[in-house]
Amino acid sequence: MSISNGSHLEAPPPYDTLAAQNTALKTRVSELEVINDLFRGRVTELETSEQAARGRESQLRTELEEVKAREADLKRRLDELEGQSPRHKKMRLSDLVDESRAGSPINELTE
């Protein structure tokens with residue numbers, strides 16, 4: 001028997017062959033569904049991890065801004081305090097010695 005395009009009709013494969021192919025395809029679909037579920041689970045896990053990291057980043061940025069504000073406040077207060085008190089100079093030895101007593105301590109003991 002021939003079709004108008006000239007090809008011959010082939011006999012359909014036996015039922016056993018079709019059933020085996022069907023079973024193999026069902027098995028493959030099940031395998032792919034398991035793999036898909038694993039990928040979905042991993043994607044969900046990564047998304048959750050990313051959200052947590054973004055939350056930590058946001059918290060750290062907020063803390064950094066608070067620390068910067070506190071630092072600026074402390075610097076301002078330090079500048080105010082330094083402006084109120086005279087500058088401290090290095091103390092010289094001559095500031096500690098009474099120059100009116102020019103003699104050495106040994107001379108003073110023997111007198």
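Is E50 buried, partly exposed or exposed? With a relative accessibility of 38%, E50 falls in the partly exposed class. Keep that residue in mind while we look at the chain around it.

What you have on screen is a predicted model, so confidence comes before anything else. The protein chain has a mean pLDDT of 84, and 71% of its residues get to 70 or more. Among the elements, helix α1, spanning residues 15–84, has the highest mean pLDDT at 96. Helix α3, residues 105–110, sits at the other end with the lowest, 54.

As for the fold, there isn't much to keep track of: 3 helices and 0 strands, running α-α-α from the N terminus on. Now for burial. Of the 111 residues in the protein chain, buried ones make up 0%. The accessible surface adds up to about 11,000 Å², and carbon and sulfur atoms account for 57% of that.

Some of that surface is greasy in a local way. L32, I35 and F39 make up a nonpolar patch, with about 290 Å² of accessible area together. Zoom in on I35, which lies in helix α1: its relative accessible area is 37%, so I35 counts as partly exposed. Patch membership takes over 30% relative accessible area, and the 37% of I35 meets that.

Next, the charges. Side chains of opposite charge can pair when their charged atoms come close. Across the whole structure, a search turns up 8 salt bridges. One of them brings us back to E50, which pairs with R54 at 2.6 Å between the closest N and O atoms. Why these two? E50 and R54 are 4 residues apart in helix α1, so about one helical turn separates them. On the solvent side, R54 is exposed at 53% relative accessibility, while E50 is partly exposed at 38%.

Go further along helix α1 and the spacing turns up again. K75 and E71 are 4 residues apart there, about one turn of the helix, and their side chains meet in a salt bridge at 3.4 Å, N to O. Both partners are partly exposed: K75 has a relative accessible area of 49%, and E71 comes in at 40%.

R76 and E80 are another pair, with their closest N and O atoms 2.8 Å apart. They too sit 4 residues apart in helix α1, which means about one helical turn lies between them. R76 is partly exposed at 41%, and E80 is partly exposed at 42%. This pair has company: salt bridges with shared partners link D73, R76 and E80 into one network.

How values were computed:
Residues are numbered from 1 along each chain as its sequence is written. This is a predicted model: local features need pLDDT of at least 70, side-chain atom pairs count only at pLDDT 80 or more; totals for chains, interfaces and linings use all residues. Side-chain values use heavy atoms; hydrogens and water are left out. Helices (H or I, at least four residues) and strands (E, at least two) are DSSP runs, numbered from the N terminus. Buried means under 20% relative accessible area, exposed over 50%, partly exposed in between (1.4 Å probe, protein chains only). Accessible areas come from the Shrake-Rupley method with a 1.4 Å probe; for residues, only the protein chains shown count as cover. pLDDT is the predictor's confidence in each residue, from 0 to 100. Patches are made of residues with over 30% relative accessible area and no salt bridge: like charges are joined within 9 Å, nonpolar side chains (Val, Leu, Ile, Met, Phe, Trp, Tyr) within 5 Å. A salt bridge is a side-chain nitrogen of Lys or Arg within 4 Å of a carboxyl oxygen of Asp or Glu.
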